[in-house]
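User: Please take a close look at the salt bridges in this structure and set them in the context of the chain around them. One connected account will do.

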Amino acid sequence: MILADFRTILSFAAKASDQQEPIALTGRHRQGTAFPIEMSIGQMRGTTPEAVHHACVIRDLTERRKTEALVRSEEHTSELQSRFGISY
């Protein structure tokens, strides 16, 4: 399930183009825990000018966020080690 203001999603879809950046939203597992997601919407033209369709891709960002936090932590540790001459 995606938790987001439905108007936000619709306005994003209305402005969808190939160059648009993904938007960050919050998903919710069946157990009720929230998790970060990213949604991209692309516009596809049909055979007539009136035929416009949208494709939506939703990505779970949980692992990416964990990896980013680990990299930041390692960078911070490395900075402290070089500043104070500490090695492990």
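Analyst: Of the 88 residues in the chain, 17% are buried, where buried means under 20% relative accessible area, exposed means over 50%, and partly exposed lies in between (1.4 Å probe, protein chains only). This is a predicted model, in which local features need a pLDDT of at least 70 and side-chain atom pairs count only at pLDDT 80 or more, while totals for chains, interfaces and linings use all residues. Residues are numbered from 1 along each chain as its sequence is written, and side-chain values use heavy atoms, with hydrogens and water left out.

The mean pLDDT of the chain (the predictor's confidence in each residue, from 0 to 100) is 79, and 76% of the residues score at least 70. Strand β1, residues 2-3, has the lowest mean among the elements, at 52, and α2 the highest, at 88. Where pLDDT is low, predicted coordinates should not be read in detail.

There are 2 helices and 4 strands, both taken as DSSP runs (H or I, at least four residues, for helices; E, at least two, for strands) and numbered from the N terminus. Their order along the sequence is β-α-β-β-β-α. The exposed area of the chain is about 7,000 Å², 54% of it from carbon and sulfur atoms; this area comes from the Shrake-Rupley method with a 1.4 Å probe, and for residues only the protein chains shown count as cover. Among contacts (heavy atoms within 4.5 Å) with a separation of 6 or more, 33% join residues 24 or more positions apart.

Now the salt bridges. The count is 4, each being a side-chain nitrogen of Lys or Arg within 4 Å of a carboxyl oxygen of Asp or Glu. One of them pairs E38 with R59, with 3.0 Å between the closest N and O atoms. E38 belongs to strand β3 and R59 to strand β4 (residues 52-60), so this bridge ties together parts that are 21 residues apart in sequence. The acid, E38, is buried at 13% relative accessible area, whereas R59 is partly exposed at 34%.

E38 also has R64 as a partner, and here the closest N and O atoms are 3.5 Å apart. R64 sits in helix α2 (residues 62-84) and E38 in strand β3, so this pair links parts that are 26 residues apart in sequence. R64 is partly exposed, at 41% relative accessibility. Apart from residues up to four places away in sequence, E38 touches P22, I23, V57, I58, R59, L61 and R64; both of its salt-bridge partners named above are in that list.

A further bridge joins E63 and K66, whose closest N and O atoms are 3.7 Å apart. These two residues are 3 positions apart in helix α2, which means about one helical turn lies between them. Both are exposed. Through shared partners, salt bridges join E38, R59 and R64 into one network.

Helix α2, which carries R64, has 23 residues. Its first and last C-alpha atoms are 33 Å apart, close to the 33 Å expected at 1.5 Å a residue (the expected span is 1.5 Å times one less than the number of residues). G85 follows α2 and has a positive phi, near 70°.

Strand β3 also contributes to the nonpolar core. The largest such core has 6 residues, I23, L25, F35, I37, M39 and I41; a core is a set of buried Ala, Val, Leu, Ile, Met, Phe, Trp, Tyr and Cys residues joined through side-chain atoms within 4.5 Å. The elements giving two or more residues to this core are β2 (23-28) and β3 (34-45), and β3 supplies the largest share, 4 residues. One core residue, I23, is among the contacts of E38.

Strand β2 also holds A24, which is exposed at 59% relative accessible area. The C-alpha atoms of A24 and I37 are separated by 5.9 Å, although the residues are 13 apart along the chain. In the loop between β2 and β3 lies T33, partly exposed at 43%. Beyond its neighbours within four places in sequence, T33 contacts G27 and R28.
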